[in-house]
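Good morning, everyone, and thank you for making the time. I would like to walk through one model with you, so please have the sequence and the structure open as I speak.

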Amino acid sequence: MNLFEKLKPSVSRRSLLFVAGFAWTVAGGILISRGFLALWAIHRHVWLEILVGVAFGVVFYLILFARISRKHITRITLITIDNPCFFSFFSFRSYFMMAVMITTGIILRELDIINREILYTFYLTMGVPLLVSAFRFFYTWKQDKKSE
């Protein structure tokens, strides 16, 4: 076993499902909490904006994130390595997309290009499908235990 193999943070394939669920929960939770708290501080039509953000988030999940999360779950369950790297719950392309989305969100917030109410409603819209997708990872993790 070489040094790289000894130092590689590895987990079981089943644990990788839990790690992915946790990562998606953190990302969704951050976006939802930021969006909700910022909209709450603005105090204008806050419930309407929250309702719009959640509704569009559900639609966004059904149109895009259901497929994305299913693809990641399938990829993880089909990994042939016994103990894959802890960070392999995402593909390289997915890490790149995540970095672009985070950077775009920060730039939009810092440059104040978009109306803050719209931006924070969009945070909610993105947080909802991330959180729902996280539940799919946890569900698959739980189901995988039953199949052992």
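Let me begin with a question: is R109 buried or exposed? With a relative accessibility of 14%, R109 counts as buried, because the limit for that class is anything under 20%. I should say at once that this is a predicted model, and that what I report today has been computed from it.

R109 is a useful place to start, since its side chain takes part in a salt bridge with E110, in which the closest N and O atoms are 3.7 Å apart. The partner, E110, has a relative accessible area of 56% and is therefore exposed, the threshold for that class being over 50%. In this pair, then, a buried arginine is joined to an exposed glutamate.

Let me step back to the whole chain before returning to the charges. The secondary structure consists of five helices and zero strands, so that, if you read from the N terminus, the order of elements is α-α-α-α-α. The C-alpha trace extends over about 60 × 35 × 20 Å along its principal axes. Of the 148 residues in the chain, 32% are buried, and the accessible surface amounts to about 9500 Å², with 71% of that area belonging to carbon and sulfur atoms. As for the contacts between residues with a separation of 6 or more, 82% of them involve residues 24 or more positions apart.

One example of such a sequence separation, given here as a C-alpha distance, is the pair V52 and T121, which lie 69 residues apart in sequence but 7.4 Å apart in space. V52 is found in helix α3, and with a relative accessible area of 31% it is partly exposed.

Now to the interior. The largest nonpolar core has 18 residues, and those with the most contacts inside it are L16, W24, F65, I76, F89 and F137. Two or more residues of this core come from each of the helices α2 (13-42), α3 (46-77) and α5 (116-146). There is also a second, separate core, this one of eight residues, among them A38, L39, L119 and Y123.

If you would like one residue on which to centre your view of the larger set, I suggest I76. Which residues does I76 touch, once its neighbours within four places in sequence are left aside? The answer is R13, L16, L17, A20, F89 and F137.

R13 on that list brings us back to the charged side chains, for the structure holds three salt bridges. R13 meets D82 in one of them, at 4.0 Å from N to O. This pair links distant parts of the chain, given that D82 sits in the loop between α3 and α4 (92-111) while R13 belongs to helix α2, 69 residues away. D82, at 58% relative accessibility, counts as exposed, whereas R13, at 30%, counts as partly exposed.

Next to R13 in the numbering is R14, which also has its place in helix α2. R14 is buried, with a relative accessible area of 15%, and its side chain reaches the backbone oxygen of W141 at 3.2 Å.

A further salt bridge joins the side chains of D112 and R116, at 3.2 Å from N to O. Both partners are partly exposed, D112 at 46% relative accessibility and R116 at 32%. D112 lies in the loop between α4 and α5, and its backbone deserves a second look. Most residues other than glycine have a negative phi. D112, although not a glycine, has a positive phi of about 55°.

Finally, let us turn to the surface. Which residues make the nonpolar surface patch of about 440 Å²? They are V54, V58, V59, L62 and I63. V54 is in helix α3, and it is partly exposed, with a relative accessible area of 35%.

That is where I will stop, and I am glad to take questions.

Methods
Residues are numbered from 1 along each chain as its sequence is written. This is a predicted model: local features need pLDDT of at least 70, side-chain atom pairs count only at pLDDT 80 or more; totals for chains, interfaces and linings use all residues. Side-chain values use heavy atoms; hydrogens and water are left out. A nonpolar core is a set of buried Ala, Val, Leu, Ile, Met, Phe, Trp, Tyr and Cys residues joined through side-chain atoms within 4.5 Å. Buried means under 20% relative accessible area, exposed over 50%, partly exposed in between (1.4 Å probe, protein chains only). Helices (H or I, at least four residues) and strands (E, at least two) are DSSP runs, numbered from the N terminus. Contact means heavy atoms within 4.5 Å. Patches are made of residues with over 30% relative accessible area and no salt bridge: like charges are joined within 9 Å, nonpolar side chains (Val, Leu, Ile, Met, Phe, Trp, Tyr) within 5 Å. Accessible areas come from the Shrake-Rupley method with a 1.4 Å probe; for residues, only the protein chains shown count as cover. A polar contact is a pair of N or O atoms within 3.5 Å; within protein, one must be able to donate a hydrogen and the other to accept it, and residues adjacent in sequence count only if both atoms are side-chain atoms.
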